[in-house]
2 protein chains.
Amino acid sequence: MRRGIGEFELIGRIRRQTVDGGRVRLGIGDDAAVTSASGLTVTTVDSVVEGVHFDRAFCGPEAIAHKALATALSDIAAMAADPGEVYVSVGLPGGLAAEFAEGLADGLVDCARRWGVALAGGDTVSSPTLFLAVTAVGHVPEGEEPLTRSGASPGDLVAVTGSLGGAGAGLVLLREPSAAMTVDAGTREVLVARQLRPEPLLECGMSLRASGVGALIDVSDGLGADLGHVAGASGVAIEIEADSVPVQDGVADVARGAGLDPLDLALAAGEDYELAMTIPPGRLPAVAAILDRRSCTLEVIGKVTEGTGVRLLRDGLESPMPEGFQHLR
Amino acid sequence: MRRGIGEFELIGRIRRQTVDGGRVRLGIGDDAAVTSASGLTVTTVDSVVEGVHFDRAFCGPEAIAHKALATALSDIAAMAADPGEVYVSVGLPGGLAAEFAEGLADGLVDCARRWGVALAGGDTVSSPTLFLAVTAVGHVPEGEEPLTRSGASPGDLVAVTGSLGGAGAGLVLLREPSAAMTVDAGTREVLVARQLRPEPLLECGMSLRASGVGALIDVSDGLGADLGHVAGASGVAIEIEADSVPVQDGVADVARGAGLDPLDLALAAGEDYELAMTIPPGRLPAVAAILDRRSCTLEVIGKVTEGTGVRLLRDGLESPMPEGFQHLR
């Protein structure tokens, strides 16, 4: 690997704190990491960039590290794979304080521990813009299969875990503090944490592997866009009942304060990192029970039909699916 | 994965041109790629950043893609692993022309084909600074072992493939065109290509796996620094004879034109992506023969001893090891 500014502090700090284990035969410190392999490997890459995915005005280094790992690991959850290893390539501006780089390293180490993954490799480079490019690797034991976006069939139910809109509302609160007038301090804290400290649903994802779930995806772009990916990959249409979409507590109040439709936050803001899935009706009780054992709620919000695209029904009438909240990013 | 500006053009273009094969069960287009695994997996991450590792004034999009993949794959060569898959996370400035993003995609596809790797995953994000974060994955069949930095033993010889200093000289020519007065146009072209279009020595690396080579590393930071990594990881000292270091044709002329010591370019500028290794003396003929079959020369430049650090001998006297050419980066 090429040597970069801060490599010795940041990667050295990670290396000292990381315990290799499981599949990792050789971690940070050589030209590449060495892991043992079997079955299927699931690999995703995801970057977070300053000014685009986070703002140092709201986000300390630990929160940035948290968000970078969480968003990549959410893709591992969305494949129903066991979380394995993460690799992080960090672009560090020259003028960054050493404490900031140390905070990033500590955040990466803490989150890797928290989510049970090995920080098996890393690299730092000098960069005018701070970024973290994360590669997350998951594993599926021999004889088992990951879940994908392409497993939806007409007749399946569409369901989502937890509740939506919280991450979008959290971002509204961070960017437009006047919107906070409409919620109490406790709700504000919960919604902001939803934006800054997302939790990848790794346990829930893994547990769905042999559950009968058809297609699985994480809610990162926004439920409408993400179900669009499922519909496209599966060659089906998806119909969502607006009234059934679980909206997080406080989201409606924040939306009102900011002059937004709460459903826009729930369906288009994304970053909630819940899991959306399609389920053959007969398997619904079993899937709900599996998720309940992991303290995860499940709400049926629509169905899979023949056709293409995603349709939103409000009071029985087709309504445009809200799309994109680029101004929030 | 999170949706980013240009994802549809860039990743879509890659997807259309990429043929999945070998280990790739599911490539670009789901939450993660799915590959089949066995034996040992070798994984490295490496980023190239505009203004740090490349300059758009000298580098078209194909050359940037080339350099990004080459530097990551050189780490796979340095582990003596079979090249497998690459994943690329691209940060794209908002104002970038679509043609530029397409050029990046085409460059990635061409280089992946050229080097026999599958482009199994990718992600684009909006970023004020253009960057490519590459994850390269290699494989080592069951029962075999990769080569690492820690395999050097006192008594081993130290050897390097090819010749050094060309990439550094190429950068001098790009940055200080007046230095070009000292070399002919053909030499200039070769040296500049060495800087802009490095070739990872994948065939040579793989072929060394069961050759008796002790430690293996690629020359990315500069021979002095890279052998320092070997000495540190192996717990040995390394002694280099300055006169034995193979310096690429034309490097001395460029160095003279720029007021530099040619040995500084050969030992400290790095980016030549040759392979440096330690070899038990009895295995030297076999290793040289293996590399010769891949049209790769091998030069013995020193030896491994007890102790720590890297020492440079010039005319039998210890001389400071040139270190770092940060102003060239």
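In this predicted model, chain B can be laid on chain A with an RMSD of 0.0 Å by a turn of 180 degrees, combined with a shift of 0.0 Å along the axis. That is the relation of a two-fold axis. The same surface serves both copies, since 98% of the contact residues of chain B recur in chain A.

The contact itself draws 62 residues from chain B and 61 residues from chain A. The size of an interface is often given as the accessible area lost when the parts come together. For chain B and chain A this buried area is about 4900 Å², and 50% of it lies on carbon and sulfur atoms. Charged side chains also meet across the boundary, where six salt bridges are found between chain B and chain A. One of these joins B:Glu145 to A:Arg25, with a distance of 2.7 Å from N to O. In a further salt bridge, the side chains of B:Asp30 and A:Arg149 meet at 3.8 Å, again taken from N to O. This pair crosses between chains, from B:Asp30 in the loop between β1 (24–26) and β2 (33–36) of chain B to A:Arg149 in the loop between β6 (131–140) and β7 (157–161) of chain A. Both B:Asp30 and A:Arg149 are buried.

Over all chains, a search of the whole structure finds 28 salt bridges, and some of them lie within a single chain, as two examples show. In chain A, A:Glu239 forms a salt bridge with A:Arg311, and the closest N and O atoms of the two are 2.3 Å apart. The pair links distant parts of the chain, for A:Glu239 belongs to strand β9 (residues 237–241) and A:Arg311 to strand β12 (residues 309–314), 72 residues apart. The two partners can also be described by their accessibility: A:Glu239 has a relative accessible area of 13% and is therefore buried, the cut-off being under 20%, whereas A:Arg311, at 33%, counts as partly exposed. In chain B, the side chains of B:Arg209 and B:Glu144 meet in a salt bridge of 2.9 Å, N to O. Here too distant parts of the chain are linked, with B:Arg209 in the loop between α6 (202–207) and β8 (216–218) and B:Glu144 in the loop between β6 (131–140) and β7 (157–161), 65 residues apart. B:Arg209 counts as buried at 13% relative accessibility, while B:Glu144, at 31%, counts as partly exposed. Salt bridges that share partners also join A:Glu239, A:Lys303, A:Arg311 and A:Glu318 into one network.

Two helices of chain A were examined for the placement of their buried residues. Helix α7 (residues 223–234) has twelve residues and reaches 16 Å from its first C-alpha to its last, which is close to the 16 Å expected at 1.5 Å a residue. Its buried residues are A:Leu223, A:Gly224, A:Asp226, A:Leu227, A:Val230, A:Ala231 and A:Ser234. Seen down the axis of α7(A), these buried residues fall within an arc of 165 degrees, so they line one face of the helix. The helix is followed by A:Gly235, whose phi is positive, near 70 degrees.

In helix α8 (residues 251–258) of chain A, the buried residues are A:Val251, A:Val254 and A:Ala255. They cover an arc of only 100 degrees around the axis, which puts them on the same side of α8(A). The buried residues of α8(A) pack against α4 (166–175), α5 (185–196) and α9 of chain A. Just after α8(A), A:Gly259 takes a positive phi of about 70 degrees.

Several loop residues complete the description. A:Gly270 is placed in the loop between α9 (262–268) and β10 (275–279) of chain A, and with a relative accessible area of 2% this residue is buried. A:Gly270 and A:Asp249 are 21 residues apart in sequence and 16 Å apart in space, C-alpha to C-alpha. A positive phi, near 55 degrees, is found at A:Ser295, a residue other than glycine, which lies in the loop between α10 (284–292) and β11 (298–305) of chain A. A:Ser295 is exposed, with a relative accessible area of 72%. Phi of B:Asp315, likewise a residue other than glycine, is positive and near 50 degrees; the place of B:Asp315 is in the loop between β12 (309–314) and β13 (317–319) of chain B, and at 68% relative accessibility B:Asp315 counts as exposed.

How values were computed. Residues are numbered from 1 along each chain as its sequence is written. Chains are lettered from A and ligands numbered from 1 in the order in which they are written. This is a predicted model: local features need pLDDT of at least 70, side-chain atom pairs count only at pLDDT 80 or more; totals for chains, interfaces and linings use all residues. Side-chain values use heavy atoms; hydrogens and water are left out. Copies are superposed by least squares on the C-alpha atoms of residues with pLDDT of at least 70 in both. Contact means heavy atoms within 4.5 Å. Helices (H or I, at least four residues) and strands (E, at least two) are DSSP runs, numbered from the N terminus. The expected span of a helix is 1.5 Å times one less than its number of residues. Buried means under 20% relative accessible area, exposed over 50%, partly exposed in between (1.4 Å probe, protein chains only). The arc is that of the directions from the helix axis to the C-beta atoms. Buried area is the accessible area (1.4 Å probe) that two parts lose on being put together, summed over both. A salt bridge is a side-chain nitrogen of Lys or Arg within 4 Å of a carboxyl oxygen of Asp or Glu.
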